[in-house]
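Me: I am still learning to read models like this one. Please pick one part, look at it closely, and explain it in one connected answer.

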Amino acid sequence: MVILDPASTLPYNPTTPLFPLFSTRTYSLDLKLQVLRKMKIFGVAATVAACASCVGASPLGTRNNYNVSLENPALFSLHWQMLEKNSTSGYETPMVDFLAGFLRSKGLTVELQPVSNPTLDPNVRRENVYAYMGSNRQCKMIVNSHTDTVPPYYPPSDNNTDIFGRGANDAKGSIACQITAYLALMEEGVLKEGDVCLLYDVGEERYGDGMAAFVESLDWTPKYILTGEPTESYQATGHKGSINMVVNSTGLTSHSSVPQYGRNAILQLFDYIPKLLNIQPKFPVDPFHGNTSISLSSLMGGSISNAVPDKAVAVLNARTGVPSKQIWDIIKANVPHSQYIDLYRQSASSNPLKFDVIKDWLPKKIMPYGTDLGGWYVKNLKFLLGVGSIATAHSMHEVVSKREMLHAVQYYKQFMQGVLNGTLTPIANGTYPSSYELSDTSKMSKREILLERQKIRSFGGCMH
Ligand SMILES: [Zn+2]
């Protein structure tokens, strides 16, 4: 049972009539909910927010322990409801339906753009959510993030200061803050039709297909795009490129009692992969993007205990600080050649990118990972900024700070308002165009770029 007793610790007007309900520890959660509903103080959303943490069975404020959620119940309610939706890449429907309904309930026009992917079950409905005020869908600015998460799903929990759960920071924390900021600006009369549209796309973590479908469908160009990802509230100055590599090992099967008659495909990988990883010191270090790293991501091989395996596959990922072609050329020139080993790229690679930043504003930092911004090959200003840290994203202890989320609502508001009215000054540092293949897309026709992107999707090789 969770105790709600913030009355004595609230920094503002502790005599407010909202909280006597929580001044004793003897009320049951159900009773508190019932009374709150009757009081209609916050409305349903806030009621859920006030008690959302109770569901996570964690302390939500004791007499001496103040819960930050109380400072913006609507924000944390929205976040919590999203975290309750399992929206693992490829199966985003519950999150999409929830977001669409929520945004419609706030009076926004909501378009759902179907996103098809030949590698996925066609019966699973996958859609990008695109929302805006009134009828003008061609906004000056698009504020964006992704609705999918990496697996496995686990439900939310919290304490007074932090929220845990799949997607807590990557990227539902940023989505909740963006929407809260947007709705506040709407209510304050700052935003008008055609200023800012919201885009929440599917498939970012694995396929890149949501953003690809959106950008391909554009017959106009937004001047600004702001994407929310875990940047620890730094303005991201850029991120690295990526190469997905596959090593196919071909062996010769034999009975496991006589392994000398076979050639073990797994052991061949054990011999080859360290040699591949040892090439890393040969990679040049870029003064802006830093080093290039390679990690072994997956290893598959063998099927039964009494046979020497004749097939094994390893998948590796390089995060590149210099143009990916340079790294690929170094790898190819340095790994030993073997008739039994085949090394190739799993999908099109991406090059390191630079982003635009706002002058004299939040602190800046380069990010080590890739994002949907790599899919924007149209010429515009691109910004990357959001809550949480890559240090816990994709982990089983994904976390976001409630204080950071409150801060983010303020800076997202500042960003939308300030960029549009000219009080914030963008510095155009961004890389254009976003390079997808090892070649420079500036030398490719739009058709060639689209074909390349199609290839990426069909391989499912756009893992961020
Ligand atoms: Zn993300």
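What follows is a tour of one helix and its neighbours, and then of some other places in the chain.

Reply: Happy to help! This is a predicted model, in which local features need pLDDT of at least 70, side-chain atom pairs count only at pLDDT 80 or more, and totals for chains, interfaces and linings use all residues. Residues are numbered from 1 along each chain as its sequence is written.

Let's start with helix α5, residues 172–187 (helices are DSSP runs of H or I with at least four residues, strands are runs of E with at least two, and both are numbered from the N terminus). Just before α5 there is a cis peptide bond between Asp 170 and Ala 171, with omega at about 5 degrees. Ala 171 sits in the loop that links β5 (162–164) to α5.

One partner of α5 is helix α9, residues 402–421: their axes come within 8 Å and cross at roughly 55 degrees (axes are lines fitted to C-alpha atoms, for helices over the stretch in contact, and angles run from 0 to 180 degrees between N-to-C directions). The two helices are therefore oblique to each other (under 35 degrees counts as roughly parallel, over 145 as roughly antiparallel, 65 to 115 as roughly perpendicular, and the rest as oblique). On the α5 side, the contact is made by Gly 173, Ala 176, Cys 177, Gln 178, Thr 180, Ala 181, Ala 184 and Leu 185, and on the α9 side by Met 405, Ala 408, Val 409, Tyr 412, Lys 413, Met 416 and Gln 417 (contact means C-beta atoms, placed from the backbone, within 7 Å). These residues divide into 10 nonpolar, 4 polar and 1 charged (Ala, Val, Leu, Ile, Met, Phe, Trp, Tyr, Cys and Pro are nonpolar, Asp, Glu, Lys and Arg charged, and the others, Gly among them, polar).

Helix α3, residues 73–83, also packs on α5, at an angle of about 140 degrees and with the axes 9 Å apart. That makes α3 oblique to α5. Here α3 offers Ala 74, Leu 75, Leu 78, His 79, Met 82 and Leu 83, which meet Lys 172, Gly 173, Ile 175, Ala 176, Cys 177, Ile 179 and Thr 180 of α5. The residues of this contact are 9 nonpolar, 3 polar and 1 charged. Gly 173 is one of the α5 residues that touch α3, and it is also among those that touch α9.

Now for the sheets. An open, antiparallel sheet has four strands in the order β10-β11-β9-β12 (strands pair if DSSP finds at least two bridges between them). Its edges are β10 (293–301) and β12 (341–345), each paired on one side only. On average, neighbouring strands in this sheet are turned by 20 degrees against each other, direction ignored. Strand β9, residues 241–250, is joined to β12 by 5 bridges in the antiparallel sense, and Val 246 has Tyr 344 of β12 as its bridge partner. Helix α8 (residues 324–334) packs on this sheet, touching β9, β11 (311–320) and β12, and its direction makes about 25 degrees with that of β9.

Another open sheet has 3 strands, in the order β13-β8-β15, with mixed pairing. Its edge strands are β13 (353–354) and β15 (364–367). Strand β8, residues 235–239, runs antiparallel to β13, and 2 bridges join them; Gly 238 is partnered by Lys 354 of β13. In the loop between β7 (224–227) and β8 you will find Ser 233, whose phi is positive, near 65 degrees, although the residue is not a glycine.

A further cis peptide bond runs from Pro 151 to Pro 152, with omega near -5 degrees. Pro 152 lies in the loop between β3 (141–146) and β4 (157–158).

Finally, a word on confidence. The chain averages a pLDDT of 82, and 79% of the residues score at least 70 (pLDDT is the predictor's confidence in each residue, from 0 to 100). Residues 1–63 stay under 50, and so do residues 454–464. Where pLDDT is low, the predicted coordinates should not be read in detail.

Note on methods: Contact = placed C-beta atoms within 7 Å.
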